[in-house]
Amino acid sequence: MKIPEQMQAMVLEAPGQPLKWRQVPTPQPGPEQVLIRVRACGVCRTDLHVVDGELPHPKLPLILGHEIVGTVVATGSAVRQVKVGERLGVPWLGHTCGACRYCLDGRENLCDNPGFTGYTLDGGYAEYAVADQRYSFPLPPAYGDAEAAPLLCAGLIGYRSYRMAQDAGERLGIYGFGAAAHITVQIAIYQGKKVYAFTRPGDTETQEFARRLGAVWAGSSEARPPEELDAAIIFAPVGALIPAALRALAKGGVVVSGGIHMSDIPSFPYNLLWGERVVRSVANLTRADGEEFLDLAPRVPVKTEVQTFPLEAANEALNRLRRGQIQGAAVLVVGK
């Protein structure tokens, strides 16, 4: 196919401003990169944190989007793993240095010099995107383009968060029931967990959504569950949920914070932590996480629920996500 010199994109020119519909040069792949014709791109809460200035020092101007699904249309001179015509997914972690102690120790998610898709690297709110061949994943054919997009962040970060909680016991609490939670709950139930879903107070529609997906209980984040939790995952970016989850936790349990940004955590008495309770965070992902999750997802099978928007409606999708008006995941559909 003929690759145009210019493409359409939704561009962030400054934090705190709406994205702008712009015509920009089509990127060219470097030696280790592939050029992808974007078909769909998920809209993630992390995108909101970038737009709202809660994540500092983004590349500007910036094309957001780190849940990219598309078809390879060109490859760099050193690309050997990928061929033109393949469908790939591109996640948040877009590049690592390969030389720091974390990369050398198999913890590339903690790399000292990383590149992040849609934050320090241009992402997928556009007709085309470039990506490192090493940080792009073949996608299960069972998923359509829009349905596959949430797997690449909501699914991957949800899965890494779940792995940190899964050995604590069978009673799992999930605070914040959005895109990541609606995938994680399916994996947890598949593996025999009892899931307790916590939502914004009064959000009965989302609570019913959680029960429909198999949660044994759903209620307000201000409520206590009917029994103690063995583990809790917090996807909502609300620091006050850390002590709330600790109050609901049994001795020896773990609270996992699955977000890249969270409001300040209020002080809490030591007795909430005592009893060998653990609080830990999740940072990014590894390629091994991606390969493992994308192998597991169609076997569960994980079913993503998506609300689609055209590329030019990215601001509407972000605003609806900010207001809590997205059930499941929001996805931009790019082109035909």
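## Cores, strands and overall build

The largest nonpolar core here takes in 97 residues, and the ones with the most contacts inside it are Leu-19, Tyr-125, Phe-177, Ile-187 and Phe-293. Strand 3, covering residues 33–43, is the top contributor to this core with seven residues. Keep in mind that this is a predicted model.

Let's zoom in on one of those hubs. Which residues does Phe-177 touch, leaving aside those up to four places away in sequence? The list runs His-182, Val-185, Ala-197, Phe-198, Thr-199, Thr-206, Phe-209, Ala-210 and Leu-213. There's also a second, separate core of 17 residues, with Phe-198, Leu-229, Ile-242 and Leu-246 among them. As background, nonpolar side chains in soluble globular proteins tend to be buried together.

Now for the strands. The protein has 18 of them, along with nine helices. Three strands make an open sheet in the order 2-1-4, with antiparallel pairing. Strand 2 (20–25) and strand 4 (62–63) sit at the edges, each pairing on one side only.

Strand 18 (residues 329–333) is another good place to look: four of its five residues are buried, so the strand counts as mostly covered, with buried meaning under 20% relative accessible area. Strand 18 is joined to strand 3 in antiparallel fashion and to strand 17 in parallel fashion. Ala-330 of strand 18 stands opposite Val-43, and Gln-307 stands opposite Ala-330 too. Getting from strand 17 to strand 18, the chain passes through helix 9 (residues 314–322), and this β-α-β crossover is right-handed.

Here are three of the strand pairings side by side:

| Strands | Bridges | Direction | Facing residues |
|---|---|---|---|
| Strand 1 and strand 2 | six bridges | antiparallel | Met-7 and Val-24 |
| Strand 3 and strand 18 | four bridges | antiparallel | Val-43 and Ala-330 |
| Strand 17 and strand 18 | five bridges | parallel | Gln-307 and Ala-330 |

What about the protein as a whole? With 336 residues, a compact globule would have a radius of gyration near 20 Å, and the protein's value of 20 Å agrees with that. The C-alpha trace spans about 60 × 40 × 35 Å along its principal axes. Buried residues account for 54% of the 336. Of the contacts with a separation of 6 or more, 69% come from residues 24 or more positions apart. As for the surface, the protein exposes about 14400 Å², and carbon and sulfur atoms supply 49% of that area.

Conventions. Residues are numbered from 1 along each chain as its sequence is written. This is a predicted model: local features need pLDDT of at least 70, side-chain atom pairs count only at pLDDT 80 or more; totals for chains, interfaces and linings use all residues. Side-chain values use heavy atoms; hydrogens and water are left out. A nonpolar core is a set of buried Ala, Val, Leu, Ile, Met, Phe, Trp, Tyr and Cys residues joined through side-chain atoms within 4.5 Å. Buried means under 20% relative accessible area, exposed over 50%, partly exposed in between (1.4 Å probe, protein chains only). Helices (H or I, at least four residues) and strands (E, at least two) are DSSP runs, numbered from the N terminus. Contact means heavy atoms within 4.5 Å. Two strands pair if DSSP finds at least two bridges between them. The radius of gyration is taken over C-alpha atoms; the globule rule is 2.2 Å times the number of residues to the power 0.38. Accessible areas come from the Shrake-Rupley method with a 1.4 Å probe; for residues, only the protein chains shown count as cover. A crossover is right-handed if, with the strands pointing away from the viewer, the path from the first strand over the helix to the second runs clockwise.
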